[in-house]
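Visitor: Hi, could you walk me through this one? I'm new to this, so plain words please.

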Amino acid sequence: MAQIRDNQTQQSYPLRSHHTFGRCPERSDTVVSSPITSRIHIAIEWNGEAWSVRDLSKNGTWLGRRRLLANESTPLALGDQLHLGAPEMPALELIDDAPPRSQLVGLNGTPSRELSSFTFLPDADDPEAVVIYSFQRHSWVLHPVEQDAPQQMDRPLVHGDEIALGGGRWRVFLADSEQMTELSAAPENHLDDIEFVFHLSQDEENTDLRLHMGKQQLELGERSHHYLLVHLARLKAQQAAAGYDPDSQGWVDTQQLQRDLGLEMPHINIMIFRARKQISENLSAALDSERLVERGKGRVRFGGSRFKIYKGSQLVFALPNQA
């Protein structure tokens, strides 16, 4: 992750893909309080392959002992030192020239976390919430796992927000990097293109899941969250066979779902997020995984439209119906 260091204070700052330094707190990503620093003094920018710097100031910027030309991009290399306002000013040194990365910056001793499409907080073993990227909202969203319907209590995140959970505290750092550009694009995989193939053991203690997409097949193995998916898929197939219209098929009240599975809703929510995470991470291109388990007010359903459910070697349910 790209970082620049103030060699006077020894404080390091992660870099956004377009990162400004200056005196103005409202317009600068990093504030430099020197009186000879301009309101916006420099912009450090990532072009997808390398870093560069532009001088936007009145008093000038020096790269080492060389003064930069005003408003012209100059390449930056690892170890380069910038002096804002005068060549004798304390240096800002590029100490990491990696691409910019969005992250949750740890505060008060909390470890930092790189922001992936599914980030469980405070940790993956006992999560209280999960940060996901929502294609529907084109933003990062914090979902609590305690809620019956998390979409009613979720929180869109913006750069600079703070999150406090489970004794940890983080500041949201959004890099607006190439990574974010990819996330913001429309997903290339669609649920309707995926056939879910479930293999249940006879006692239903084990559930294996495979994904078929044309000639491609993905083996996802056995996971506890696969049973949640197969249970919801089975309800959808049963209601389809009973003549329910497609918009009505598969919906189940969350209270009933808790009784069916013998689990509380926070545990079920965690299983939903883990299922979304596993499937998204195993696909070669982005998937709008929010549709994997669809939510309404107090109810949920399996979002896939093509699946087969085997119990042992026997095909017991399928959508579309294969009878």
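Visitor: Is Q10 buried or exposed?
Guide: In between: Q10 is partly exposed, at 49% relative accessibility. Buried means under 20% relative accessible area, exposed over 50%, and partly exposed in between, with a 1.4 Å probe and protein chains only. By the way, this is a predicted model, where local features need pLDDT of at least 70, side-chain atom pairs count only at pLDDT 80 or more, and totals for chains, interfaces and linings use all residues. Residues are numbered from 1 along each chain as its sequence is written, and side-chain values use heavy atoms, leaving out hydrogens and water.

Visitor: Where is Q10?
Guide: Q10 sits in the loop between β1 (3-6) and β2. Strands here are DSSP runs (E, at least two residues), and helices are runs too (H or I, at least four), numbered from the N terminus. Q10 also has a positive phi of about 65°, although it is not a glycine.

Visitor: And what about the phi of N108?
Guide: N108 has a positive phi as well, about 55°, and it isn't a glycine. N108 is exposed, at 74% relative accessibility.

Visitor: New topic: what's the strand order in the open sheet of six?
Guide: The order is β2-β1-β11-β10-β7-β8, with antiparallel pairing. Two strands pair if DSSP finds at least two bridges between them.

Visitor: Which strands stand at the edges?
Guide: β2 (11-14) and β8 (66-67); each has a single partner strand, so one side of each has no neighbour in the sheet.

Visitor: What's the mean pLDDT of the chain?
Guide: The mean is 90. pLDDT is the predictor's confidence in each residue, from 0 to 100.
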